[in-house]
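I opened this notebook to record what I looked up, beginning with the ligand and its surroundings and then turning to single residues.

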Amino acid sequence: MIAAQFEYSAPDTVSEVVVLLKHRPGARVLAGGHDLLAQMKQRRLSPTLLVDLRNLKDLVGISPAQAGGGVWIGAMTSCAAIAEDAWVQANAGALAEAALSMGDAQMRNVATIGGNLAYSDPAADLPAALLALDGIILVSGPDGARTIPITDFFRTAHVTALQAAEIITGIELPAAAARSASAYAKQAIPSNCYPLCGVAARVTLAADGAVAACRVAATGISDHPLRLATVEGSLEGTIPSAEAIAAACGLAGQGITFTSDLYGSGEYRAHLARVLARRALSRAVAQAGGNYTG
Ligand SMILES: Cc1cc2nc3c(=O)[nH]c(=O)nc-3n(C[C@H](O)[C@H](O)[C@H](O)COP(=O)(O)OP(=O)(O)OC[C@H]3O[C@@H](n4cnc5c(N)ncnc54)[C@H](O)[C@@H]3O)c2cc1C
């Protein structure tokens, strides 16, 4: 199908983007277009104005954060650039793996992290990794700039904490603590590569080998990506043996209403959440220096 008619603008600054969005309620931001253009061609969305972010070169790249030793990732950074970045691979393995697992090379070269978060598909890959990594979303809007912890960002399918005329400008990630690592495990839908279920895990080990901190987050299983708090709570303070990890992951479904659709039943997704949580946690523990060998 062909999209409905729209106007097009490609401003040079974030403030110009915000002004356009504020004064044209029918306007939409265009990043890589991999979600938006498909929606427009199917006439699910018919924006009257597309505000293209392609000229905002300041929103592209990965560089040290202003404080704390972490990293800043610009909203217009492609998924391919994230997957290939040495800092991300070393300090935020779950994010590099999630980005690399997406679609195909052509898609990863064009699709952006900002678009992936703002579209808020319940089965998008990057949100799970960023939840496990305690990401912070940087936004700009008519009232200026503000930050949103990733745990507060996703509300339900395609609904986020972004206010009218606000855009994502970047994401900040904290530096990885000593004896800390993260990993992402995914069961992809063969026809489109989206996760039927994807689980990201991050583990920090104390000097005695016990789990000092643990984050586990899943996507594809519910109306929005979420942390698996029962799994986290069960592992923290324990020595992460194969048995302890398996026992913790057995709690992965607690309190969750799993999505059931043509791609898979809720029961199957619950099973995947347990299996993938175990795989992601096991790899994270091994990479963090734990003696897990299961
Ligand atoms: C063949 C194919 C396979 C795919 N496979 C996967 C997959 O395996 N895993 C996965 O997670 N996704 C997958 N996707 C989805 C898609 O590639 C991602 O969601 C992509 O990251 C979206 O980014 P974009 O830059 O293309 O966003 P766009 O399509 O340009 O925008 C998406 C939405 O976000 C808004 N938006 C964009 N940038 C911003 C911003 N900075 N601030 C505020 N709002 C913004 C737009 O207005 C729009 O509503 C696939 C898509 C295709 C076509």
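Before sorting the ligand's neighbours by class, I noted the scheme: Ala, Val, Leu, Ile, Met, Phe, Trp, Tyr, Cys and Pro count as nonpolar, Asp, Glu, Lys and Arg as charged, and the others, Gly among them, as polar. I also noted that this is a predicted model.

**Entry: the shell around the ligand**

I looked up how many residues surround the ligand, and the count is 30, with Val29, Gly32, Asp35, Thr112 and Asp125 as the closest. Sorted by class, this shell has 17 nonpolar residues, nine polar ones and four charged ones.

I then asked which element gives the most to the shell around the ligand. I found that H7 does, with five residues. Helix H7 covers residues 113–119, and this helix, strand E2 (27–30) and strand E10 (167–173) each supply at least two residues of the shell.

I also checked the pockets, and the space that the ligand takes is the largest pocket.

**Entry: polar atoms facing the ligand**

I went through the pairs of polar atoms between protein and ligand, and wrote down three of them. Arg28 places a polar side-chain atom 2.9 Å from an oxygen atom of the ligand. At Gly103 the partner is in the backbone, where a polar atom is 3.1 Å from an oxygen atom of the ligand. In Tyr194, an N or O atom of the side chain is 3.1 Å from a nitrogen atom of the ligand. Taken alone the ligand exposes 980 Å², and the protein buries 90% of that area.

**Entry: two residues with positive phi**

I next looked at backbone angles, keeping in mind that most residues other than glycine have a negative phi. Ala165 has a positive phi, near 65°, although this residue is not a glycine. I located Ala165 in the loop between strand E9 (159–160) and E10. Is Ala165 buried or exposed? With a relative accessible area of 14%, Ala165 lies under the 20% cut-off, and therefore I entered this residue as buried.

Arg179 is likewise not a glycine and has a positive phi, of about 50°. I found Arg179 in the loop between E10 and strand E11, which runs over residues 180–188. Because its relative accessible area is 36%, Arg179 is entered as partly exposed.

**Entry: Ser180 and a distant partner in sequence**

Ser180 lies in strand E11, and because its relative accessible area is 16%, I entered Ser180 as buried. I then looked up how Ser180 stands to Gly290: the two are 110 residues apart in sequence, while their C-alpha atoms are 9.7 Å apart in space.

**Entry: two buried side chains with polar contacts**

I looked at Thr219, which lies in strand E13 (residues 211–219). Its relative accessible area is 0%, so Thr219 is buried. What does the side chain of Thr219 reach? I found the backbone oxygen of Pro122, at 3.1 Å.

I then looked at Gln39, placed in helix H2 (residues 36–41). With a relative accessible area of 14%, Gln39 is also buried. The side chain of Gln39 makes a polar contact with the side chain of Tyr119, at 2.6 Å. I added that residue 119 falls within the range of helix H7 (113–119), one of the elements that supply residues to the shell around the ligand.

How values were computed
Residues numbered from 1 in each chain as written. Predicted model: local features only at pLDDT ≥ 70, side-chain atom pairs only at ≥ 80, totals over all residues. Heavy atoms only, no water. Near = heavy atom within 4 Å. Polar contact = N/O pair within 3.5 Å; in protein donor to acceptor, adjacent residues only side chain to side chain. Areas by Shrake-Rupley, 256 points an atom, 1.4 Å probe, with all protein chains shown as cover. 1 Å grid on protein atoms, 1.4 Å probe; cavity = no way out; pocket = protein on both sides within 12 Å on 5 of 7 lines; lining within 4 Å. Sits in = over half its atoms within 2 Å of the grid points. Helix = DSSP H or I, 4+ residues; strand = E, 2+ residues; numbered from the N terminus. Buried < 20%, exposed > 50% of the residue type's maximum accessible area, 1.4 Å probe, protein only.
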